[in-house]
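Trainee: Please take a close look at a single part of this model for a reader who is new to it. I should like one connected account that begins with that part and then follows what surrounds it.

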Amino acid sequence: MASLSAQIPLCLALMMAACLMIGINGSIDGAQREFDYFALSLQWPGTICHKTRHCCSSNACCRGSNSPTEFTIHGLWPDYNDGTWPSCCYRSQFDVKEISTLLDALEKHWPSLYCGKSSTCFSGKGLFWAHEWEKHGTCSSPVIRDEYSYFITTLNVYFKYNVTKILNEAGYVPSNSERYPLGGIVSAIENSFRATPEVICSKEAVEEIRICFFKDFKPRNCLASKTSCPKYVSLPAYVSMGREASESEIAWISDDEAL
């Protein structure tokens, strides 16, 4: 009996060590398991920019006539079929020089719509793109293996599956007075891509639309069974006040001042 009692603590210790090695997602040595599909998350600037209270040079909402009027990219996210997702998968610090040839396209189609620096996994506070690469891009292997490939792939998918164009052609255009049936917006995308999107709302306004893809970037249904949207939604138009706005209308701050 004494021998058996001595063995029990040893067995428990070995089991605990094994659990630590396996990690919370079932992969050996704590490495996160390979993802199941991609979600391309798109932001509607009209909704987000209406919330702007401060302007700064990094906020695309504050570009005046050059502010975005189409869906812009939030990110390309590897996800799991159980509704969870990997993040910060391996140490690869964002290096803006790696995507220097893409900066014009990224500024236009993948801008930050906020002031302030974004948190990153490995680089402290940094650019919006640094957050997306370090948190999500590093988990895109084996489909995407490096920073440049992550950003150029995302841009290409965004251009190929042009949600703004699809909705405009179906009659869903920016408006501060119209309300559109949510089912109509979803159907317009389904009819074009043969896949069901996920729609995220802020109150009655569309804030994000997510298009999901198999690993070969063929569209697939997104998983969301519930929506934050009402039956009728808006696509708010936004006219940026830009730098020409008076200080009484909106305050301009430096990026370092932004919280």
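**Strand 3 and its surroundings**

Mentor: Strand 3 has eight residues and eight of the eight are buried, so this strand is largely enclosed by the rest of the structure. Please keep in mind throughout that the model is predicted.

Let us begin with the partner of this strand. Strand 1 and strand 3 run antiparallel and are joined by seven bridges. One place to look for this pairing is Tyr 37, whose bridge partner in strand 3 is Asp 79. Just beyond that strand in the numbering, which covers residues 72–79, comes Tyr 80. The charged end of Arg 33 sits over the ring of Tyr 80, at 3.7 Å from the ring centre.

Helix 4 also meets strand 3. The buried residues of helix 4 pack against strand 3 and strand 1 (37–43). They pack in addition against helix 3 (103–109), strand 4 (118–119), strand 5 (125–126) and helix 5 (147–160). Helix 4 spans residues 128–135, and seven of its eight residues are buried, so helix 4, too, is largely enclosed by the rest of the structure. The buried residues are Phe 128, Trp 129, Ala 130, His 131, Glu 132, Trp 133 and Glu 134. The list includes the charged residues Glu 132 and Glu 134 as well as the aromatic residues Phe 128, Trp 129 and Trp 133.

We may next consider the loops that adjoin strand 3, where two disulfides are found. On one side, Cys 56 is joined to Cys 115 by a disulfide with an S to S distance of 2.2 Å. Cys 56 lies in the loop between strand 2 (54–55) and strand 3, while Cys 115 lies in the loop between helix 3 and strand 4; the pair thus links distant parts of the chain, 59 residues apart. The torsion about this S-S bond is about -120°, so the disulfide of Cys 56 and Cys 115 is left-handed. How accessible are its two ends? Cys 56 has a relative accessible area of 1%, and that of Cys 115 is 16%. Buried means under 20% relative accessible area, so Cys 56 counts as buried and Cys 115 does also.

On the other side of the strand, Cys 89 and Cys 139 form a disulfide with their sulfur atoms 2.1 Å apart. Here the torsion about the S-S bond is 105°, and the link of Cys 89 and Cys 139 is right-handed. Cys 89 is in the loop between strand 3 and helix 3, whereas Cys 139 is in the loop between helix 4 and helix 5, so this disulfide ties together parts that are 50 residues apart in sequence. Its ends may be described separately: Cys 89 counts as partly exposed, at 30% relative accessibility, and Cys 139 counts as buried, at 5%.

Let us turn from the disulfides to the aromatic rings. One aromatic cluster is formed by Phe 35, Phe 38, Tyr 161, Phe 193, Phe 213 and Phe 217. Phe 38 belongs to this cluster and falls within the range of strand 1, 37–43. Lys 215 lies over the face of another member, Phe 35, at 5.0 Å from the ring centre. The whole structure holds 14 aromatic pairs. In the case of Phe 213 and Phe 217, the ring centres are 6.3 Å apart and the planes stand at 55°, so that pair is tilted. Both Phe 213 and Phe 217 are buried.

Finally, the whole protein provides the setting for strand 3. There are seven helices and eleven strands, and seven disulfides are counted. Of the 259 residues, 46% count as buried. Among contacts between residues at least 6 apart in sequence, 75% join residues at least 24 apart. The exposed surface comes to about 14000 Å², with carbon and sulfur atoms supplying 55% of it.

Note on methods:
Residues are numbered from 1 along each chain as its sequence is written. This is a predicted model: local features need pLDDT of at least 70, side-chain atom pairs count only at pLDDT 80 or more; totals for chains, interfaces and linings use all residues. Side-chain values use heavy atoms; hydrogens and water are left out. Buried means under 20% relative accessible area, exposed over 50%, partly exposed in between (1.4 Å probe, protein chains only). Helices (H or I, at least four residues) and strands (E, at least two) are DSSP runs, numbered from the N terminus. Contact means heavy atoms within 4.5 Å. Accessible areas come from the Shrake-Rupley method with a 1.4 Å probe; for residues, only the protein chains shown count as cover. Rings of Phe, Tyr and Trp (its six-membered ring) pair if their centres lie within 6.5 Å; planes under 30 degrees apart count as stacked, over 60 as edge-to-face and the rest as tilted. A charge sits over a ring if NZ of Lys or CZ of Arg is within 6 Å of the ring centre and within 35 degrees of the ring normal. Two strands pair if DSSP finds at least two bridges between them. A disulfide is a pair of cysteine sulfur atoms within 2.5 Å.
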